[in-house]
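Subject: Structure for your review

Dear colleague,

Please find below the structure that I am handing over to you. My notes on it follow, and I would be grateful if you read them with the structure open.

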Amino acid sequence: MPTYLLIIPFLPLFSFVFTFLFGKRMGDNSHWLPIAAVLTSFSCALYAFFQVKNGYHVNQDLYIWISSGSMSVSVGFLLDELTSVMLIVVTSISSLVHIYSVGYMKGEDGYYRFFSYLSLFTFSMLMLVLGNNFLQLFFGWEAVGLSSYLLIGFYYEKKSAADAGKKAFIVNRFGDFGFILGLFLIYASFGTLHYEPIFANVNQIANQTFTFLGTTWYLPTAIALLLFCGAMGKSAQLPLHVWLPDAMEGPTPVSALIHAATMVTAGVFLVARCNPIFTLSMTALNIITIVGSITCLFAATIALTQTDIKRVVAYSTVSQLAYMFIACGVGAYSAGVFHLFTHAYFKALLFLGCGSIILGMHHEQEVKYMGGLKKYMPITYWTFLLASLSISGVPGFAGFFSKDEILAMAFASPVGAGKFAWFIGTLVAGMTAFYSFRLFLLIFHGEFRGTDKQKAHLKESPKVVTIPLILLAVGAVAAGNFGIPVVIGGDANWGHFLEPVLGHALAHPSHATELILMIISVSAGAFGIFLAWKMYMKNPEMPRTISERYPMLYKLSLNKYYVDEIYDFLIVKPALFLSRNVILNFFDIAVIERIVNGIPKLIGQLSGSMRKMQDGLVSHYLAYMCGGTVFIIIWMVVRA
Amino acid sequence: MSFPILSLLIFLPVFGGIALLGISKENIKNVKVMALIISLFELVCTLPLLFAFDKTTHAMQFVERHDWIKLFNIEYYLGIDGISILFIPLSALITILCILVSWNSIQTKVREFFIAMLLLEGAMIGVFCSVDFFLFYIFWEAMLIPMFLLIGVWGGPNRIYAATKFFLYTLVGSLLMLVGIITLYIKGGNTFDILVLAEQNFPVKTQLILFWAFFAAFAVKVPMWPVHTWLPDAHTEAPAAGSVVLAGILIKMGAYGFLRFSMPILPEATSMMMMPMLVLSLIGIVYGGIICLAQTDLKRLIAYSSVSHMGFVTLGIFALNTQSVEGGILQMINHGVVTGALFLGIGMVYERTHTRKISDYGGLATNMPIFASFFLLFTLASVGLPGTNGFIGEFLILLGSFMTRPWVALIAASGLIIGAWYMLWLYQRIFFNPVNSKWDAIKELDMREIMTLMPMVILIFWIGLFPNTILDYMHVSVSHLLSQVTGNPEGIASGVQLAVNHALETANQGVQHVQQISH
């Protein structure tokens, strides 16, 4: 095993353990080790990337983790094209978030704890992408869940934060439920959990069925959908999206890390990694495409009306992740991973920009109290603008290339739901541009709406915060350059690079179609930006008139379609009722305990009444004896 | 004749306990130190077992065999195999931790308390070493007495009720087992040697009756649903050490009984009763988990969570294949470690707060960060986070039962969700949320307490990351057991009706990705 590959995950692990144990004593200096560790990992990741580019792959076991009977799973690393890209995304974003946190978390209680958790998060995600088998993926998967639990609930004394952390973990467990069953089915089909033999022999499950409780299932569909359950949890797709918007209870750098690099991308990565299995099942692909499309629209409509700046960005993540699933669903895995890559930079930038604004506004997150911040925070302003342009898909920016690729692939795809996904995707492209610029304009333009005290304190964030913003802005602008489509003079490097792992897209549109589609989606984006400008700059009364004209729709969107309330009503409340009233009070106490305590009581009563027979009167005893003798004689006679 | 190490292990704590009587009652310090030394020495003595154990045979090792009551062919017959060996060091370790956690919390009849602990240890190890069924029964019942005293004398306010309930529940079960043992003796050729008994073919009808007679004893001990209701009472009223040893070792005896007696001696009955046992286990998992959501008492919650976790253990044992049974045995150890650790932690915090009500807590992480970290780790191990020991056991059990009956694994896996829900909710209510000002002056763990918890931390990670070092001990014994029960050393191979059975053998095409449909 090459050393640089070991360094990538294990240095952050060491940094976690060391900082967690001794960080308290290091006080304000506790960030040095985590930053050094993640930067070293980043350098090694770059090195690994170039190794892969030169055709060097690694698939090696460290040691056998679990072996029982014929089952054996190792801890081992796989370095291929997909891994190398993920390594870059994770370590680069993580490095910048680490550095940014030095400024953002300054003076907070538990400063060292925060940095140690960041290292743990990085380690977990790196183990997830580096594993050469499903069980190690699951290790990273759950470890990522743990890290998010710790970081979302970082301000644990706040009940809402503790709730949000717990919610993230438990909602993800619902997804894991499907995921782990998927692993069992894979094991039952292939007799191993290691990628290489599974993907090499994947054709053997094609056309196979299995019987489950009398029903017959198409094996690839079953495996793919069970794995997708896990992906829905981690990547916050409907109906398991509810944890992600709440996750903003964590400190803002954590949101950036979760939304951009370390957690939500895991689901997309899983689907991309397992593409040979998904490709076998048209049904599964259709379902993924539809789930992606619905989530995409659903989240975007919520983002339209939210007033908490982090919440808007959070829902935009759900919506953007849905694009990635649409890509996977239509069989264009490399387009999905491409969007994952570009999204990581502009989304991290948006979140860190929000963090910078929140710092400037003294922990105010309501857009209602902002406005006109442009002149106070110029660097934040410009970088935020670039990120907004990128997410809106303005030509030339990173988001444009990846989103257009997805829409083109969806349109051309043989997967039935492809056209539907294209339509939704284009619609949402317009909505995305609208809500992004709505947010942008409300924050930076117009008059300042906060208190005078807030106004007096407004100033640009320190360099340790702004430099990561600038670096991310470079990514948000330029990350698309790796995959410029052929039709506008590029050479589609991205797809070629990932081809050995992700294969070709199922179908390509013709160049003419691609150009037309591009024009349509760009116009949708432009219209969104124009509308945002019209509604929030030109004609600030418009939003209110619209919301008053359609109060139902407005309320639905503002209250996030009441999904949390519905879950509370359908799952949480019934479970607690079942627990308290049915199982505990009825079964356990009223039935089982009554029987258990009843038997001794019954015996006690019985012996009490028997005792009365022994009253010491000889005549009574004589009578019992005679009665008994007569009974025995009769019995013997009858039997004979 | 080799060195009688098993006898040493059984009688060292017994005589050590009796020797404590030699120390004056007032000299509490010496009593404690002496008890600690004895228990430490005991642990050291168990280590040679681990090193000298031959992992390549299922035969009993370190055997000691002497005639005892010749009239009934009762022998003093000791030996261990891959199924029992691991519980001996675990018992020794748990006893040490129990002694440490009771250091200051036991204030009355201190000397007697430590004597009871040591006697209990001897009896527990005796149970795991017995190869003679009658001898086993003696140790089995002998365990009951010190445990009864631990709850009844040093327990909480409602201790008499709890102790009596515990005693009667287990006694009723044990008596049925005794009848079963005598039946076996008569029908099996006048012997109590379980190795000989396992060789015989009892008629199926006899096997079924005996199976349920043993079930009465073992299911109560596990405890399986619906005979679990003694456990919450016993746990809540027992002192910390009592809860720890109960969760750590005592309730493992039931599952051990199934493995050691029911399965090899009554193989046909075991196969026939597989389904009912799986269903009872599933009910235990789900019922025990859901009921935790309604608990307001810290110890009761963990007690019910034991019902759920032990449901996983019996599920694994009765799913009858290599992964599930090995997972089941491993999960017995894991549950001992993790739930033992949770009860140790609860004991430490109870010593400070004197309340078990969950709602009395809140924000403890602020004033006890070290304790919060320990408890978080135990919580995570309890919910089966990969990297901790809990995951390995649950994974193997679920995988194995999936191979036997997929729907069983489907239902059991829901335990993963419920488990995370109640454990994290519990953790939140104790350690997170706004700080309850009542505990502003609460003391962080001291060195003794940290040292008490450390062994558990090491075991959690050790088993979580290197489970093979533990699983290696059981492979041969488990496959022998499975061939006794099912006739196949791998057990029940696959209930998943897949057409792909030997996919990998027929395939030989190297890494090559599916050619996708091109346009």
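The paragraphs below describe two helix pairs, a single helix and the contact between chains.

Please bear in mind that this is a predicted model.

Helices α2 and α3 of chain A

Helix α2 of chain A covers residues 32–53 and helix α3 of chain A covers residues 81–104; their axes lie 8 Å apart and make an angle of about 155 degrees. Angles over 145 degrees count as roughly antiparallel, and α2(A) and α3(A) are therefore roughly antiparallel to each other. Their crossing is left-handed. On the α2(A) side, the residues that meet α3(A) include A:P34, A:V38, A:F42, A:L46 and A:F49. On the α3(A) side, A:E81, A:L87, A:I88, A:H98 and A:I99 are among those that meet α2(A). By class, the residues of this contact are 13 nonpolar, 7 polar and 1 charged.

Helices α16 and α20 of chain A

In the second pair, helix α16 (residues 378–391) and helix α20 (residues 463–478), both of chain A, have axes that come within 9 Å and cross at roughly 25 degrees. That angle makes α16(A) roughly parallel to α20(A). The crossing of α16(A) and α20(A) is left-handed. From α16(A), the residues A:I379, A:T380, A:T383, A:L386, A:A387 and A:S390 take part, and they meet A:T466, A:L469, A:I470, A:A473, A:A476 and A:V477 of α20(A). This contact has 8 nonpolar and 4 polar residues, with no charged ones.

Helix α8 of chain A

Helix α8 of chain A runs over residues 219–234, and its 16 residues reach 23 Å from the first C-alpha to the last, close to the expected 22 Å. Is this helix mostly covered or mostly uncovered? α8(A) is mostly covered, with 14 of its 16 residues buried. A:A236, which follows α8(A), has a positive phi near 55 degrees.

The contact between chains A and B

Chain A brings 68 residues to the contact, and chain B brings 64 residues. Elements of chain A that each supply at least two residues to the side touching chain B include β1 (58–68), α5 (134–152), α6 (159–190) and α25 (563–611). Of these, α6(A) gives the most, with 16 residues. The side of chain A that touches chain B divides into 39 nonpolar, 19 polar and 10 charged residues.

With kind regards

Key: Residues are numbered from 1 along each chain as its sequence is written. Chains are lettered from A and ligands numbered from 1 in the order in which they are written. This is a predicted model: local features need pLDDT of at least 70, side-chain atom pairs count only at pLDDT 80 or more; totals for chains, interfaces and linings use all residues. Axes are lines fitted to C-alpha atoms, for helices over the stretch in contact, and angles run from 0 to 180 degrees between N-to-C directions. Helices (H or I, at least four residues) and strands (E, at least two) are DSSP runs, numbered from the N terminus. Angles under 35 degrees count as roughly parallel, over 145 as roughly antiparallel, 65 to 115 as roughly perpendicular and the rest as oblique. A crossing is left-handed if the near helix is turned anticlockwise from the far one by less than a right angle, and right-handed if clockwise. Two residues are in contact if their C-beta atoms, placed from the backbone, lie within 7 Å. Ala, Val, Leu, Ile, Met, Phe, Trp, Tyr, Cys and Pro count as nonpolar, Asp, Glu, Lys and Arg as charged, and the others, Gly among them, as polar. The expected span of a helix is 1.5 Å times one less than its number of residues. A residue is buried if 20 or more other C-beta atoms lie within 10 Å of its own, exposed if 12 or fewer, and partly exposed in between; C-beta atoms are placed from the backbone.
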